[in-house]
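Hi,

Here is the structure I promised to pass on. Have a look at it first, and then read my notes below.

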Amino acid sequence: MTVQQRFDTHDIFNQSPPFEDIDLFAADRALQDAVAANGAGGEAAALSAFGQRWGSAAMFDAARLANENTPKLRTFDTKGFRRDVVEFHPAYHQFMAEAFRDGMHASTWNADGTRAKAPSEVARAARYFMEAQVENGHQCPITMTRACVGALAVEPALLARLIGKIVSRRYDPRFIPWWEKDGITLGMGMTEKQGGTDVRANTTTALPAGEGYSITGHKWFMSAPMCDAFLVLAQAPGGLTCFLMPRFRPDGAVNALRFQRLKDKLGNRSNASSEVEFAEAFAWRVGEEGRGVRTIIEMVQLTRVDCVIGSAGMMRMALAQALHHTRYRTVFQRKLADQPMMRMLTADMALEMEAVTATMMRLCRSFDSAASDAKEAARARLLTPAVKYWVCKSAPAFIYEAMECLGGNGYVEELPLARLYREAPVNAIWEGSGNVMCLDVLRALSREGETARAVLGDLVATAADLPGAREAAAFIGKSFMAADGEGHARAAVEKLAMLAAAAALAESAPSVAPAFANTRLASPRGGTYGTADLAPEEITTLLDRALPAA
Ligand SMILES: Cc1cc2nc3c(=O)[nH]c(=O)nc-3n(C[C@H](O)[C@H](O)[C@H](O)COP(=O)(O)OP(=O)(O)OC[C@H]3O[C@@H](n4cnc5c(N)ncnc54)[C@H](O)[C@@H]3O)c2cc1C
């Protein structure tokens with residue numbers, strides 16, 4: 001396309017070219033190093049092909065369309081009969097089809113529902129991370145579909161019936177019974193009006209009926225309502241229980257899920273989130289009665305990891321946009337990228353991004369090894385909530401700072417920064433909000449104290465040569481032991497995540513690990529990016545690694 005450089009009144013110059021048609025993998029040294037250090041280096045060529053496809057101008061434009069044209073609930077047909085369907089823009093379906101083709105919803109499972117071998121988690125995370133740089137809303141049903149398999153494992157017969165449709169690489173948006181479809185998606189409904197964190201307060205009831213249960217009640221948030229089935233929690237005679245509720249009953253009739261309305265959300269706009277009533281809806285029980293939280297937690301752990309990767313992806317795109325723009329934009333006769341304060345700012349952000357990338361990939365390696373290595377399982381258990389807390393909470397401020405690097409251009413909707421900024425808080429809120437993550441770390445410490453301490457010991461050993469690592473470990477131990485452990489939990493969990501980040505960097509990006517430890521563990525930095533005391537050579541290394549010269 002030829003760009004018009006001259007208007008009647010002025011020439012157009014000093015604007016950066018579009019940041020598109022890029023290889024999202026090749027442009028990201030931290031990602032390449034973290035993938036290699038965590039066992040998926042053999043996938044580099046495939047990841048690069050993936051990065052080129054997802055970094056194309058067409059994909060960025062489809063993301064804009066999917067978010068500008070939000071889903072619509074069609075409750076009734078013209079004659080007043082219930083329809084309860086949600087219509088999406090074709091661009092949303094395009095993303096779903098692409099994600100399905102790449103196995104984002106299932107590549108970590110074998111065809112029988114068992115875990116795929118390593119490095120399936122790391123390889124999928126690299127792809128999910130690149131997808132998150134482009135479009136986020138469609139990732140909600142993708143995440144839930146892959147995570148639900150973790151919970152369904154307690155019902156092998158039910159899983160065996162469904163798994164072929166779950167691991168299919170063909171996305172099928174038709175509103176027809178699941179057994180007639182080429183591929184299915186799964187969602188979940190836990191949150192009710194009176195409680196989201198405290199799901200034990202659920203009032204939805206479940207009574208045994210025929211081959212399943214009859215469920216009556218409501219869910220206050222149930223995203224991706226066109227999924228083919230949902231894991232839901234309800235009060236059965238034996239207590240809070242997990243169920244799988246299909247959109248169609250086994251006899252082929254539409255199940256009694258009555259969508260009330262769609263949420264009008266800050267971000268996440270390409271994805272629909274519904275309020276729904278169940279009027280004696282059919283569902284299969286998943287796990288024993290009274291074991292609902294225990295059962296569904298298998299799914300929740302996996303969705304929490306995706307929250308981390310999703311937020312990290314958004315941060316990466318924001319940083320890349322900032323670096324790209326500042327390399328072209330001149331202010332006061334000098335490129336922004338050459339101005340000392342801008343260099344310190346973007347290098348500090350690049351350092352944060354290095355740490356986020358390394359930590360996320362190291363965490364995924366723990367998921368890869370958890371089934372055969374108890375230490376890695378303990379590491380995943382302890383660090384998932386801590387890393388979710390840190391990364392998801394970091395995203396809004398980070399994206400905002402990146403936006404400011406583009407000045408006014410960053411604030412308008414043509415670029416993705418405004419959308420990323422609106423999207424950023426959601427990963428911290430859902431799947432366990434910030435304080436809840438900290439409570440979860442405390443729970444892991446109290447229930448599995450010895451193994452958790454061993455994890456902490458491993459982190460210190462890996463980061464032993466880095467400044468501030470031992471002091472951080474001592475602080476973490478002291479804070480968690482304090483009489484008011486809960487009151488101090490945020491500070492301790494943040495430090496735990498920083499220590500995990502330093503250890504992850506020591507393994508995958510040793511050239512930048514000391515800068516991170518110096519500015520995040522050993523000496524305090526200011527409350528905003530750009531206040532870390534980075535040496536000139538550190539700045540150069542970080543900026544070179546963050547985005548290759550055009
Ligand atoms: C866009 C979007 C989509 C969603 N989709 C789904 C979905 O598909 N399915 C689903 O089930 N839910 C969904 N949710 C709901 C989400 O999971 C809940 O909002 C979340 O779990 C928090 O629950 P709550 O809103 O009831 O807040 P509350 O539980 O009332 O919590 C409010 C605040 O209190 C804090 N808090 C809670 N307990 C403590 C404590 N003991 N000490 C200190 N602080 C505490 C929490 O961290 C939180 O910050 C969605 C939410 C959003 C925003």
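Phe-221 has a backbone N or O atom 3.3 Å from a nitrogen atom of the ligand. By the way, keep in mind that this is a predicted model. Two more polar atoms sit by the ligand: an N or O atom in the side chain of Thr-191 is 2.7 Å from a ligand nitrogen, and a polar backbone atom of Gly-196 is 2.7 Å from a ligand oxygen. Taken alone, the ligand exposes 980 Å², and the protein buries 66% of that.

Who else is around it? The shell has 20 residues, and Met-190, Thr-191, Gly-196, Thr-197 and Ser-223 come nearest. By type, the shell splits into nine nonpolar, nine polar and two charged residues. Strands S3 (186-189) and S5 (212-223) each supply at least two of the shell residues, and so do helices H13 (426-429) and H14 (434-447).

Now for the core. The largest nonpolar one has 187 residues, with Leu-152, Leu-231, Met-299 and Leu-499 having the most contacts inside it. Leaving aside neighbours within four places in sequence, Met-299 is in contact with Ala-147, Cys-148, Ala-151, Met-188, Met-190 and Leu-231. Met-190 is also one of the residues that come nearest the ligand.

One last residue, Pro-396, lies in helix H10 (residues 374-405). Is Pro-396 buried or partly exposed? Its relative accessible area is 22%, so it counts as partly exposed, since buried means under 20%. Beyond its neighbours within four places in sequence, Pro-396 is in contact with Tyr-421, Ala-424 and Pro-425.

Cheers

Conventions. Residues numbered from 1 in each chain as written. Predicted model: local features only at pLDDT ≥ 70, side-chain atom pairs only at ≥ 80, totals over all residues. Heavy atoms only, no water. Near = heavy atom within 4 Å. Polar contact = N/O pair within 3.5 Å; in protein donor to acceptor, adjacent residues only side chain to side chain. Areas by Shrake-Rupley, 256 points an atom, 1.4 Å probe, with all protein chains shown as cover. Helix = DSSP H or I, 4+ residues; strand = E, 2+ residues; numbered from the N terminus. Nonpolar A, V, L, I, M, F, W, Y, C, P; charged D, E, K, R; others polar. Core = buried A, V, L, I, M, F, W, Y, C linked by side-chain atoms within 4.5 Å. Buried < 20%, exposed > 50% of the residue type's maximum accessible area, 1.4 Å probe, protein only. Contact = heavy atoms within 4.5 Å.
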